[in-house]
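Grab a viewer and work through these exercises with the model open beside you. Try each task before you read its solution.

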Amino acid sequence: MYQTHVRHTNNATATEPGGVTAQGLGKRFGELWALRDLDLDVRPGTVLGLLGHNGAGKTTAIRILTTLSTPTTGTASVAGVDVVADPLGVRERIGVAAQQATVDGLMSAHKNLVMVGRLHHLSKRDARRRADDLLAQLDLAENADQLVKTFSGGMRRRLDLAASLVAAPPVLFLDEPTTGLDPRSRNDLWELLRDLVRNGTTAILTTQYLEEADQLADDIVVLDHGRTVAHGTPEELKAQIGTDRIDVTVASASDLPLVVQATERFASYAPGVDHDLLVATIPVVEGTRLMEIMRALDAAGIDAVDLHRRQASLDDVFLTLTGSNDSTDEVPE
Amino acid sequence: MTATTETTELARPEPIVPTLPGRTPLRLWWSDTLVFAGRNIEHIRQIPEKLLDVTLQPLMFVLLFAYVFGGAIAISGGNYREFIIGGILIQSLAFGLTGPATAISTDLTEGVIDRFRSLPATRTAYLSGHYVAELAGMALSVVVLLGAGLIVGWGLHNDALHVTGAFLLLFLFCSAMIWIGTYIGLVVRTPDAVMGVGFVVVFPLTFLSNAFVPIDSMPNVLQWVAAWNPVSVVVAAVREMFGNPASTVGKHTWPLDHPIPAAFMYCALLLLVFVPASLRRYRTRTSD
């Protein structure tokens with residue numbers, strides 16, 4: 001469909017430093033630290049996942065790195081340019097897809113992209129050509145002349161992503177890019193991102209989903225209440241927290257300690273117990289079969305109401321890493 | 001994205017080298033300004049009703065005052081229709097400040113402002129773009145109003161120098177109104193608040209003036225208010241330079257006795273206050 005000038009080659013920008021670094025980055029709003037002591041070293045052509053709940057400091061980190069917010073402490077550089085000293089230089093080298101779609105509803109999709117291109121100081125001709133190309137690539141060509149306010153959430157997201165790609169930036173920031181997308185759109189977006197990264201783009205994305213970070217990121221930073229609680233490759237993180245969980249639901253709260261006792265030898269960490277829902281969550285050692293748990297429970301005379309095997313969620317990560325999954329008090333961003 | 005499995009190879013293209021790198025900062029600022037102004041004009045293309053404020057509304061005022069109220073208001077030494085056009089002109093342009101105020105406060109409550117801020121566009125171009133677009137709207141308003149005036153019996157009765165002076169003053173007055181509106185847009189929390197501010201400030205200022213009636217027809221206290229009101233001064237200056245009948249004055253104040261220099265001074269003063277105030281406010285409002 002479209003093959004001309006956007007042949008991917010590792011060109012000029014790939015040789016310049018395209019990574020992202022941060023040392024001791026912090027942001028205080030009044031009395032609250034939304035972000036504290038964030039250290040990053042994202043190598044060019046890799047993906048960093050910032051994982052955390054709402055209010056964990058993910059958006060704050062993105063806003064500082066994209067020059068929308070100034071850090072209270074620390075320093076950061078994007079594509080070799082200091083975010084505080086030369087914000088304009090940073091903006092020339094980044095693409096941003098914010099959590100809230102930042103496109104103009106009263107203009108057509110095409111006009112939105114041309115406007116962004118022009119503000120990147122492309123010529124009119126280049127801006128138009130780029131808009132056409134991106135709309136085709138993101139499957140929005142048919143809606144090119146449609147007003148953006150008539151777009152569905154998923155279409156808006158795609159257009160927002162297109163807008164962030166207009167200047168072919170070496171560094172891309174995506175704030176919860178798949179929130180609110182249906183599974184298929186989400187998979188498409190993942191595929192797209194992988195293509196970009198394969199061709200040398202550096203990406204920082206935030207997510208609330210462990211699975212998403214696992215799928216896309218080369219490195220994961222887990223944030224909780226503004227602080228880094230874990231940092232490593234998905235493999236390292238999974239080795240640390242285990243991947244599988246088995247939820248055992250019982251009929252009476254008095255059975256819960258018995259469940260913990262009976263399944264002790266399969267647990268890689270201390271099981272979590274929810275007295276309200278009458279569920280014991282066991283972080284099982286890899287290779288544990290559901291049948292083994294059933295037999296153990298049966299041998300202990302416990303009548304389990306329900307038994308459910310699943311992948312570890314973000315809540316499980318926090319439970320394991322911080323010993324609490326209290327994530328309800330939000331820090332205003 | 002659904003039916004394009006064969007084209008999902010989305011390459012990071014060769015960076016398109018911006019074609020304007022050799023441009024001076026001033027040229028870049030101007031090209032960014034035009035992009036933002038073009039955005040406003042695109043909004044008008046999508047919602048043409050937005051233009052009614054600056055076209056149909058003043059036209060209604062001309063017809064209303066020329067044919068309905070006009071007969072009841074006597075002007076010494078002149079025709080009321082010649083008198084009223086200067087007044088309606090300034091009143092309409094003053095109400096025009098709600099345009100940029102609404103547009104800017106709407107942008108600030110939506111995510112689009114973050115997009116603009118993450119682009120390498122010149123920082124002040126967003127505000128100057130609004131200014132250029134609003135100025136074009138006001139120019140249209142002036143043309144419509146004076147055209148309607150010509151039809152109902154208004155005319156220019158002065159030399160080219162004075163008439164040029166009148167248009168220069170209108171330009172400065174429009175600029176001042178746009179920057180006041182810009183400031184309001186940057187201060188209010190929601191776009192809805194703009195209409196309230198417009199009515200509380202602009203409504204009394206334009207009606208407690210010589211715009212529609214001679215000042216000496218008012219009660220004593222209001223005569224003082226009207227005589228000091230900057231709107232009266234600008235209206236008087238425009239009338240004098242157009243060669244239209246002036247409002248009879250009961251109270252004498254220096255500005256109203258010397259409307260032309262005073263009007264230019266008022267406009268310059270407003271610009272000196274509101275342009276820097278808006279720029280500062282924009283910087284603080286859009287950074288944290």
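**Exercise 1. Find the residue of β2(A) that stands opposite A:A22, then describe the hairpin around the pair.**

Step 1: look across from A:A22 and you land on A:L40 in β2(A).

Step 2: zoom out to the strands, β1 (residues 20-29) and β2 (residues 32-42) of chain A, which pair in the antiparallel sense over seven bridges. Strands here are DSSP runs of E with at least two residues, helices are runs of H or I with at least four, and both are numbered from the N terminus. Two strands count as paired if DSSP finds at least two bridges between them.

Step 3: check the turn. β1(A) and β2(A) make a hairpin with two residues between them, and A:G30 in that turn has a positive phi of about 60°.

A note before you go on: this is a predicted model, where local features need pLDDT of at least 70 and side-chain atom pairs count only at pLDDT 80 or more, while totals for chains, interfaces and linings use all residues. Residues are numbered from 1 along each chain as its sequence is written, chains are lettered from A and ligands numbered from 1 in the order in which they are written, and side-chain values use heavy atoms, with hydrogens and water left out.

**Exercise 2. Work out the strand order of the four-stranded open sheet in chain A, and why β12 and β14 each have one side without a neighbour.**

Step 1: the order is β12-β13-β11-β14, with antiparallel pairing.

Step 2: β12 (272-274) and β14 (304-311) of chain A sit at the edges with a single partner strand each, so one side of each has no neighbour in the sheet.

Step 3: from one strand to the next, the twist averages 15°. Angles run from 0 to 180 degrees between N-to-C directions, with axes as lines fitted to C-alpha atoms, for helices over the stretch in contact.

Step 4: follow β11 (residues 244-250) of chain A, which pairs with β14(A) in the antiparallel sense over seven bridges. A:R245 has A:R310 in β14(A) as its bridge partner.

Step 5: add the helix. α11 (residues 290-299) of chain A lies across β11 and β14 of chain A, at about 150° to β14(A); contact means heavy atoms within 4.5 Å.

**Exercise 3. Which residues does A:D219 touch beyond its sequence neighbours?**

Step 1: place A:D219 in strand β9 (residues 219-224) of chain A.

Step 2: leave out neighbours within four places in sequence, and the contacts are A:R43, A:V47, A:L48, A:G49, A:H231, A:G232, A:T233 and A:P234.

Step 3: take A:H231 from that list. Its C-alpha atom is 7.4 Å from that of A:D219, though the two are 12 residues apart along the chain.

**Exercise 4. How are the helices of chain B counted, and what box do its C-alpha atoms fill?**

Step 1: chain B comes to 12 helices and zero strands.

Step 2: along the principal axes, its C-alpha atoms fill a box of roughly 80 × 40 × 35 Å.

**Exercise 5. How far apart are the C-alpha centres of the two domains of chain A?**

Step 1: take the bounds, domain 1 (12-238) and domain 2 (244-311), which come from an automatic or database domain assignment.

Step 2: the C-alpha centres of these domains of chain A lie 40 Å apart.
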